[in-house]
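Subject: Handing over a structure

Dear colleague,

I am passing on a structure that will be new to you, and my notes on it follow below. Please read them with the sequence and the structure open beside you.

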Amino acid sequence: VNSSPRDAVQAALRAAFRRIAPEVDFDGIDARQDLREQVDLDSVDLLNLLVALEEELGVEVPETDYEEISTLEGLLQYLVSHLEEET
Amino acid sequence: MTTEYPMPSLGAGMSQATVIEWYVTPGDVVRRGDVIGLVDTDKGAIEIEVWEDAEVLEVLAPPGTKVPVGEPLLTLRPPGEAPAGDRDEDLPAEGLPTEAPAVDGSARVEERVRASPVARRRAAELHLDLSGILGTGPGGAVTLGDVEEAVAEGTVARPLEPHLRVTPVARRVAEDLGVDPEKVRGTGPAGAVTRRDVELAAEGDWRSPRRAEEGRRAEEEREAGEQPEPDRHAAMRRAVAAAMERSKREIPHYYLATTVPVEAALQWLERTNATRPPRERILPIALHLKAIALVLKGYPELNGFWEEGVFRPAEDIHAGLAISLRTGGLVAPAIHDVDRRSLDDLTTAVRDLVQRARAGSLRASEVTDATVTVTSLGDRGVETVFGVIYPPQVAIIGVGSVVERPWAHSGMVGARRTVTLTLSADHRASDGHRGGLFLEEVAALLQTPEDL
């Protein structure tokens with residue numbers, strides 16, 4: 001059992017990347033740099049990522065919040081805070 | 001009647017491909033459209049489909065075989081057409097005329113190992129070759145008991161090579177996750193280990209420290225002895241090079257561009273998507289694809305093939321979507337019948353296609369069927385892209401990134417989001433005037449997204 005929501009989100013992110021962009025080195029991502037630029041995610045990849053996270057965590061990121069998830073750290077924090085809201 | 005299933009041609013310039021894996025075994029009944037195997041081409045691994053309902057009789061090209069286009073891979077026969085021997089055991093249907101025995105088919109069928117259906121299924125689960133098991137049933141048929149006994153006593157010969165029962169994608173994912181794919185329980189066809197099986201196995205063990213440690217070690221080893229895939233990249237590069245060289249050598253391109261305000265379309269999308277969860281959202285590319293396809297219906301000279309000096313218009317509109325791979329190279333698999341599909345449906349198709357292109361699991365019909373190509377270098381990319389036509393197609397439509405510009409309308413200037421649409425077309429098949437009208441019509445249609 002995961003000890004913290006942050007771990008759960010981290011695991012979900014890793015699994016989601018494996019599905020939508022298997023060629024990306026997840027551990028090599030700089031969490032504070034622009035995510036899409038770094039790993040060359042296009043809009044289709046981004047939507048696939050959000051669908052995977054929706055399925056895994058039940059958190060739906062609205063389009064109006066895309067600014068907040070421009071970095072991996074931003075995405076992680078966003079998901080953690082919304083997970084906590086739900087529980 | 002037996003028929004042969006040949007190696008399909010998966011694009012201009014392809015002369016042969018290597019069988020990686022069969023998802024079917026003799027005795028399986030397949031339906032039209034079923035994916036039956038995986039072959040390795042210079043465009044990557046591609047799943048091949050069958051185009052008739054049939055029973056698989058015999059695999060002529062086992063995995064690892066290089067087969068020229070047009071040479072037989074499998075023999076098939078119509079489903080339900082039992083060989084003469086088996087037919088005798090069946091009760092003839094009342095009142096129906098009995099067909100003449102399929103003499104042609106039965107000769108080959110005799111070679112097939114006789115086995116009860118349960119035995120056959122069990123053997124497939126265990127990846128055993130039935131021909132290595134002694135049958136004790138009627139007529140020497142292998143029974144379930146025979147299979148179990150052979151396994152228990154270890155007398156079964158030639159178990160299928162373990163490396164043949166893990167799909168390539170599953171193998172790659174397993175490597176990434178530090179999972180031994182041979183130890184994963186397969187749920188795919190004939191017990192094949194699929195990517196999902198590997199992921200589940202990894203997730204099941206995710207929290208086990210031992211597994212995590214093994215995974216880390218495997219990763220370190222892999223990094224130390226990093227084995228790139230130069231062949232795969234080189235092959236894809238060659239395929240792109242050959243197609244583009246041919247295109248620029250043979251096709252007299254002409255190029256047109258127009259800048260289209262997309263404020264109304266994007267606002268409509270934003271409103272539509274605001275209340276939808278991610279899985280139900282519509283992508284802007286779906287709007288473009290649909291608008292392009294609807295207008296193409298009135299411009300048959302842009303949708304089809306130029307072959308041997310004549311233009312042959314295509315009946316349907318299958319749009320190849322150019323997808324650049326992060327690992328290098330490019331594929332342009334087709335989305336079928338774009339003009340007849342809803343925006344939701346098109347978005348789902350695009351998402352699925354992009355994900356599968358990245359994972360290297362496209363299907364034969366997708367890599368061969370495109371009648372026209374649409375290229376977009378991404379929403380963060382360049383403003384304008386002029387594509388190079390993929391022969392023997394005659395047009396490629398480019399969709400640039402969204403750019404906010406000052407836009408004059410009715411004597412007033414305001415900020416509007418715009419997109420530059422381009423058309424590269426074959427001047428042998430169409431002329432610039434019609435090409436221009438085409439782009440203008442697409443631009444106009446994008447102003448009323450609710451009609452798409």
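Among the contacts in chain B with a separation of 6 or more, 62% are made by residues 24 or more positions apart. Please bear in mind throughout that this is a predicted model. Chain B has 452 residues, of which 44% count as buried, and its secondary structure comprises 13 helices and 20 strands.

Sheets

Two open sheets of chain B may serve as a starting point. One of them has 4 strands in the order E1-E8-E6-E3, with antiparallel pairing; its edges are formed by strand E1 (3-6) and strand E3 (29-30), each of which pairs on one side only. Within this sheet, strand E6 (residues 54-59) of chain B and strand E8 (residues 72-77) of chain B are joined over 4 bridges in the antiparallel sense, and Glu58(B) stands opposite Thr75(B) in E8(B).

The other open sheet has 5 strands, ordered E7-E2-E4-E5-E16 in chain B, and here the pairing is mixed. Strand E7 (66-68) and strand E16 (362-363) of chain B are the edge strands, each pairing on one side only. Strand E2 (residues 16-22) of chain B pairs with E7(B) over 3 bridges, again in the antiparallel sense, and the bridge partner of Gln16(B) in E7(B) is Pro68(B). As background to both descriptions, strands of a sheet pair through backbone hydrogen bonds, either parallel or antiparallel.

A pair of helices

Further along the chain, helix H10 (residues 284-296) of chain B and helix H11 (residues 343-359) of chain B have axes that come within 9 Å and cross at roughly 115°. Because angles of 65 to 115 degrees count as roughly perpendicular, H10(B) is described as roughly perpendicular to H11(B). The crossing in which H10(B) passes H11(B) is right-handed. On the side of H10(B), the residues that take part are Ile285(B), Ala286(B), Leu287(B), Leu289(B) and Lys290(B), and they meet Leu343(B), Leu346(B), Thr347(B) and Val350(B) in H11(B). Sorted by character, the residues of this contact divide into 7 nonpolar, 1 polar and 1 charged.

Backbone details

Most residues other than glycine have a negative phi, and most peptide bonds are trans, and with that in mind three places in the loops of chain B deserve a look.

Which peptide bond is cis, with omega near 5°? The bond in question runs from Pro391(B) to Pro392(B), and Pro392(B) has its place in the loop between strand E17 (372-376) and strand E18 (395-399) of chain B.

Glu308(B), a residue other than glycine, has a positive phi, near 50°. Glu308(B) lies in the loop that runs between strand E10 (304-307) and strand E11 (310-313) of chain B, and since its relative accessibility is 83%, Glu308(B) counts as exposed.

Ser410(B) likewise has a positive phi near 50° in a residue other than glycine. The loop in which Ser410(B) is found lies between strand E19 (403-409) and strand E20 (412-426) of chain B, and at 65% relative accessibility Ser410(B) counts as exposed, the cut-off for that being over 50%.

With kind regards

Technical notes: Residues numbered from 1 in each chain as written. Chains lettered and ligands numbered in written order. Predicted model: local features only at pLDDT ≥ 70, side-chain atom pairs only at ≥ 80, totals over all residues. Heavy atoms only, no water. Axes fitted to C-alpha atoms, helices over the stretch in contact; angles between N-to-C directions. Parallel < 35°, antiparallel > 145°, perpendicular 65-115°, else oblique. Left-handed = near helix turned anticlockwise from the far one by under 90°. Contact = heavy atoms within 4.5 Å. Nonpolar A, V, L, I, M, F, W, Y, C, P; charged D, E, K, R; others polar. Buried < 20%, exposed > 50% of the residue type's maximum accessible area, 1.4 Å probe, protein only. Pairing = 2+ DSSP bridges.
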